[in-house]
Amino acid sequence: MLSRRGPTGASLHLARTAADGGPDHAVAVLAELRELGLAEEAAELFHAFWTHPAPAVPALLAALERAGQHADCATLLWEWGSAPTPELTSLAACLQQHGRPADVRTLLRQAAGRPTADLVGLVTELPPALATLLLRELATLRPSVELVRLAAALDGRPDLYGQLLAALLADGPRHRTTLAALRGAGLSTAPPGAQRSRWSRR
């Protein structure tokens, strides 16, 4: 009724308020708005989901899955992939705590496209297991020149540098160019844990 005869924006405002309810209720309202052809109102409600704090997102994702809205789950994680580092780190930890490893990986794959400076901050702030997972994703997804920049930025953090190097060495033939570039930049390519010598950076 508001959409047809109400004040401008009233139906959008009402739809958005459904995001403040429980996850299952909010998702049910989203589905009904779409069934009624109220596309703008449905979009307004879905956009409100993006403002949920990290601790609320796992339950929201679970509700979307129960409703069969898997594409909405992917879109929500895609949006979170560009969130500021503290918020993204918080969500990754929350997803891990709620036993949602597939969502953690999806989130980190989205984050893998961030600038090198952001990635350095992200791997530094993530819990160790998640930092390792992100570095593995980066070794798979990022081009050689960017991996060398990332390695150089992590050179002062032996733990993180070692994890990135381990991911590269795990598929040496694929990363031959990157490993050669690391040596050319004076960075170590010795396997993590190997005894260091004066030749370890050659």
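**Entry 1: aromatic rings**

I take rings of Phe, Tyr and Trp, with the six-membered ring used for Trp, to pair if their centres lie within 6.5 Å. By that criterion I find that F46, F49 and W50 form one aromatic cluster. I note here that the model is a predicted one.

My search of the whole structure returned 2 aromatic pairs. For F46 and F49, the ring centres are 5.9 Å apart and the planes stand at 75°, so I record the pair as edge-to-face. The cut-off for that label is planes over 60 degrees apart. I then looked up where these two residues sit: both belong to helix α4, 3 residues apart, which is about one turn of the helix. An α-helix has 3.6 residues a turn, so residues three or four places apart point the same way. Both F46 and F49 are buried.

For F46 and W50, the centres are 6.0 Å apart and the planes are at 80°, so this pair is edge-to-face as well. I checked accessibility for both partners. F46 has a relative accessible area of 7% and is therefore buried, whereas W50, at 30%, is partly exposed.

**Entry 2: overall content**

I counted the secondary structure of the protein and obtained 13 helices and 0 strands. Read along the sequence, the pattern is accordingly an uninterrupted run of α elements. Of the 202 residues in the protein, 40% are buried. I also looked at contacts between residues at least 6 apart in sequence, and 59% of them join residues at least 24 apart.

**Entry 3: helix α6**

Which residues of helix α6 are buried? In this helix, residues 70–80, I list D72, C73, L76, L77 and W80. Viewed down the axis of α6, these buried residues fall within an arc of 135°, so they line one face of the helix.

I next asked which helices the buried residues of α6 pack against. The partners are α3 (23–35), α4 (39–49), α5 (57–66), α7 (85–97) and α8 (101–111). Helix α4, listed here as a partner, is also the helix that holds F46 and F49.

**Entry 4: cavity**

I searched the whole structure for cavities of 30 Å³ or more and found 1. The largest cavity has a volume of about 30 Å³. Its lining consists of T116, L119, R142, E146, L147 and L150. The elements that give two or more residues to this lining are α9 (116–125) and α11 (144–153). Helix α11 gives the most, with 3 residues. Sorted by class, the lining of the largest cavity has 3 nonpolar, 1 polar and 2 charged residues.

**Entry 5: residue R16**

I placed R16 in helix α2, which spans residues 10–17. Is R16 buried or exposed? The answer falls in between: at 33% relative accessibility, R16 counts as partly exposed, because the class runs from the buried limit of 20% to the exposed limit of 50%.

I then listed the contacts of R16, leaving aside neighbours within four places in sequence, and obtained E44, L45, A48 and T51. As a last lookup I took the separation between the C-alpha atoms of R16 and A26, which is 9.3 Å. These two residues are 10 residues apart along the chain.

Notes: Residues are numbered from 1 along each chain as its sequence is written. This is a predicted model: local features need pLDDT of at least 70, side-chain atom pairs count only at pLDDT 80 or more; totals for chains, interfaces and linings use all residues. Side-chain values use heavy atoms; hydrogens and water are left out. Buried means under 20% relative accessible area, exposed over 50%, partly exposed in between (1.4 Å probe, protein chains only). Helices (H or I, at least four residues) and strands (E, at least two) are DSSP runs, numbered from the N terminus. The arc is that of the directions from the helix axis to the C-beta atoms. Contact means heavy atoms within 4.5 Å. Rings of Phe, Tyr and Trp (its six-membered ring) pair if their centres lie within 6.5 Å; planes under 30 degrees apart count as stacked, over 60 as edge-to-face and the rest as tilted. On a 1 Å grid over the protein atoms alone, a cavity is a set of points where a 1.4 Å probe fits but cannot get out, and a pocket is an open set with protein on both sides within 12 Å along at least five of seven lines; lining residues have an atom within 4 Å of a point. Grid points are joined across faces, edges and corners, and a volume is the space filled by probe spheres set on the points. Ala, Val, Leu, Ile, Met, Phe, Trp, Tyr, Cys and Pro count as nonpolar, Asp, Glu, Lys and Arg as charged, and the others, Gly among them, as polar.
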